[in-house]
Amino acid sequence: MGILAGKVALLSGGSRGIGRAIAEKYYEEGAKLYILSRHEDEITRAAAEIDRNKEGRVIGLACDVSSEEQVNAVIDTIKKNGDCVEILVNCAGINLRGPLAEMPMENWDKVMAVNLTGAFLLSKACYPMMKQLGRGKIVNIASLMSEIGRPTIAPYTASKGGIKMFSRAAAVEWAKDNIQVNAIIPGYIATDINVSLQQDENFNRYICERTPAGRWGRPDEIAATALFLVSRGADFITGTEIAVDGGILAAL
Ligand code: GCO
């Protein structure tokens, strides 16, 4: 039996990339999963693929995490199923790149809404269940951009700086409820969000040269840390960040 058997986990951004890898890892460890994405067919397909043993242990729900109404609808569904979320992974993230001087306000608002407001809404919505249960774990996916800047991604960088501090704020407020809140700082990971960067020869070379490990990271390497953070061994870890980045932060 896996270490998450009997536990219910809710993951935003669960259909692709890092969120998908974490969902697969938690599934292997026996959790019942609710995974979210804005796109209905994508999330239904992902749920069916993750639920390899066809146990009905993965439920895909369409949800725009920046909508309080849609987040509350997800929580209602979970409660109607008689489930209680013990683990929340805030992974939904978008990046709209472009020079700051020309950045449309719409792009700023969208990135903030998904990357930052989404984590706030989901955390707030899950809190009563965790409090009632007497324990909970929240893992927020931050970024190198929680620590450093890079041109052309100002909204993303601001949102990821924000998620780090939101994570700490929730951690100190909910520690008394036995809820641990931490963030992971992924380095450059080979996922859909970074396809254009990997295809850009110069950028790709830059990343491989600047990352001491000499390569892009894999989503399953983030998932391994996301599993540790929700395990019993991490019960006294809260309000902190773990970089899984091949050493790039140490080197920059
Ligand atoms: C970028 C990327 C980011 C990073 C990631 C690093 O443009 O730099 O889009 O998504 O890959 O956040 O931690």
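This section describes the ligand site and the internal cavity of a predicted model.

The ligand occupies the largest pocket. Its surroundings comprise Asn-95, Arg-97, Ser-143, Leu-144, Arg-150, Ile-153, Tyr-156, Pro-186, Gly-187, Tyr-188, Asn-194 and Leu-197. By class, this shell holds 6 nonpolar, 4 polar and 2 charged residues. Arg-97 and Arg-150 are among the residues of the shell.

Oxygen atoms of the ligand make polar contacts with the protein. The side chain of Arg-97 places a polar atom 2.3 Å from a ligand oxygen. In the side chain of Asn-95, an N or O atom lies 2.8 Å from an oxygen atom of the ligand. Pro-186 takes part through its backbone, where a polar atom is 2.7 Å from a ligand oxygen. On its own, the ligand has 340 Å² of accessible area, and the protein covers 97% of this.

The search for enclosed space covered the whole structure. It returned 1 cavity of 30 Å³ or more. The volume of the largest cavity is about 50 Å³. Its lining is formed by Ser-12, Val-65, Asn-90, Cys-91, Ala-92, Val-114, Asn-115, Gly-118, Ala-119, Ile-141, Lys-160 and Ile-163. These lining residues divide into 7 nonpolar, 4 polar and 1 charged.

Two helices each supply at least two residues of this lining: helix 4 (105–133) and helix 5 (154–174). Helix 4 contributes the most, with 4 residues. Among the other lining residues are Ser-12 and Val-65.

Key: Residues are numbered from 1 along each chain as its sequence is written. This is a predicted model: local features need pLDDT of at least 70, side-chain atom pairs count only at pLDDT 80 or more; totals for chains, interfaces and linings use all residues. Side-chain values use heavy atoms; hydrogens and water are left out. On a 1 Å grid over the protein atoms alone, a cavity is a set of points where a 1.4 Å probe fits but cannot get out, and a pocket is an open set with protein on both sides within 12 Å along at least five of seven lines; lining residues have an atom within 4 Å of a point. Grid points are joined across faces, edges and corners, and a volume is the space filled by probe spheres set on the points. Ala, Val, Leu, Ile, Met, Phe, Trp, Tyr, Cys and Pro count as nonpolar, Asp, Glu, Lys and Arg as charged, and the others, Gly among them, as polar. A residue is near a molecule or strand if one of its heavy atoms lies within 4 Å of it. A polar contact is a pair of N or O atoms within 3.5 Å; within protein, one must be able to donate a hydrogen and the other to accept it, and residues adjacent in sequence count only if both atoms are side-chain atoms. Accessible areas come from the Shrake-Rupley method with a 1.4 Å probe; for residues, only the protein chains shown count as cover. A molecule sits in a cavity or pocket if more than half of its atoms lie within 2 Å of its grid points.
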